[in-house]
Amino acid sequence: MESGYEQGAAYLDGRFMPIAEARIPVTDWGYRRSDVTYDVVGVWEGSFFRLDDHIARFRASMEALRLKPAESDDDIRRVLARCVRLAGLREAYVAMDCLRGRPAPGLPYHPVHARNYLVAYAVPWVWLAPPDVQARGLHLITASTPRIPEACIDPRVKNFHWGDLTRGLFEAHDRGADTCLLLDLEGNLTEGPGFNVFLVRDGTVATSDHGALEGITRRSVIELCAEMGIPCEVRPIPVREIAEADEIFLATTAGGIMPASRIDGRIMGNDRPGPISAGLRERFWRRRAEGWHATPVEDLAGGEG
Ligand code: PLP
């Protein structure tokens, strides 16, 4: 780790700097209008997990929002690796954001005239739920606020429109739960604040086919189910199935597979992670330790230039 980088390293406007120095202008639309997209990739034991999948999703999100930073995908890979190296991290939360600025003075006040730029950073690993909460199983509620309709804000484009998710987090807090699940306007399960959701019923796993980010961890769960011979369905999930689930687990970069033990006050199983959730979680971390979808940070050159 280079000195000054103890809290993390950032990249902004073509320069690397300690995380505390990375600031964006308050007038930029990335901030004022949430006119921004982002992605987050994890580094575990010195390797990125599914780096190319994250970069591909990030690029697709940028294209959907008509954002085009100066950096190529290879540049972004190098920038991320350099941030991790500067911060000296073996386990890291690595973010890449593309923001719209604002039109320069004299230009029409329209997004087409605003510059786009990349921000990236690496900070110590973030757990969406701490390991002791994962071990007892998360306590969930179904939020009373529905997810923003996907016809308005496409949840497959990773975004900062977190108003509904944040309301759900406060509701969960008020009801003594760890986090929440959100429904769409028709009463189907979508996702939660920072994670995809899987239900287990009679040995079959299911996750929503719409209304949610196409999570990279979700993709990994689907692959693991295939490896383990567990049936996995991707389909609409009506709210009543939440009440009938034997098990529920969450999937996210910020923690992997995280089993729940309670939903809306109902205890599932023996109030601990259920067998299918626990088995998937165990295999997920074992496969990662074996180098599954891993790209060693050291294998990515430069960013120094
Ligand atoms: N859904 C939302 C709203 C998210 O912010 C995230 C982010 O982590 C996920 C799902 C899970 O996606 P991934 O597994 O790619 O981290």
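**View 1. G88 and helix α3.** G88 comes just after α3 and takes a positive phi of about 65 degrees. The model is predicted, so local features need pLDDT of at least 70 and side-chain atom pairs pLDDT 80 or more, while totals for chains, interfaces and linings use all residues. Residues are numbered from 1 along each chain as its sequence is written, and side-chain values use heavy atoms, without hydrogens and water. Helices (H or I, at least four residues) and strands (E, at least two) are DSSP runs, numbered from the N terminus. Helix α3 holds 15 residues, 73–87. Its end C-alpha atoms are 21 Å apart, which agrees with the 21 Å it should span at 1.5 Å a residue. That expected span is 1.5 Å times one less than the number of residues. Buried residues of α3 include I76, R77, V79, L80 and C83. Buried means under 20% relative accessible area, exposed over 50%, and partly exposed in between (1.4 Å probe, protein chains only).

**View 2. Helix α2 and R66.** Helix α2 covers residues 51–64, 14 in number. From first C-alpha to last it reaches 20 Å, close to the 20 Å expected at 1.5 Å a residue. Among its buried residues are L51, H54, I55, F58 and M62. R57, R59 and S61 of α2 are buried too. R66 follows α2 and has a positive phi, near 55 degrees.

**View 3. The ligand and its surroundings.** The ligand is surrounded by 16 residues. The closest are K158, E191, I216, T217 and T253. A residue is near a molecule if one of its heavy atoms lies within 4 Å of it. α6 (216–228) and β12 (247–252) each supply at least two residues of this shell. The ligand takes up the space of the largest pocket. On a 1 Å grid over the protein atoms alone, a pocket is an open set of points with protein on both sides within 12 Å along at least five of seven lines. A molecule sits in a pocket if more than half of its atoms lie within 2 Å of its grid points.

**View 4. Polar atoms at the ligand.** The side chain of K158 has an N or O atom 3.3 Å from an oxygen atom of the ligand. A polar side-chain atom of E191 is 2.6 Å from a ligand nitrogen atom. For T217, a polar side-chain atom lies 2.6 Å from a ligand oxygen atom. The protein covers 94% of the 390 Å² of accessible area that the ligand has on its own. Accessible areas come from the Shrake-Rupley method with a 1.4 Å probe; for residues, only the protein chains shown count as cover.

**View 5. Two buried loop residues, T145 and G215**. T145 belongs to the loop between β7 (138–142) and α5 (163–174). Its relative accessible area is 10%, so T145 is buried. The side chains of T145 and R167 make a polar contact of 3.4 Å. A polar contact is a pair of N or O atoms within 3.5 Å; within protein, one must be able to donate a hydrogen and the other to accept it, and residues adjacent in sequence count only if both atoms are side-chain atoms. G215 lies in the loop between β10 (204–207) and α6. With 7% relative accessibility, G215 counts as buried. F195 is 20 residues from G215 along the chain, and their C-alpha atoms are separated by 7.7 Å.

**View 6. Positive phi at E45 and D264**. E45 is not a glycine, yet its phi is positive, about 50 degrees. E45 sits in the loop between β3 (36–44) and β4 (47–49). E45 is partly exposed because its relative accessibility is 44%. D264, not a glycine either, has a positive phi of about 50 degrees. The loop between β13 (256–263) and β14 (266–267) contains D264. D264 has a relative accessible area of 37%, which makes D264 partly exposed.

Key: 1 Å grid on protein atoms, 1.4 Å probe; cavity = no way out; pocket = protein on both sides within 12 Å on 5 of 7 lines; lining within 4 Å.
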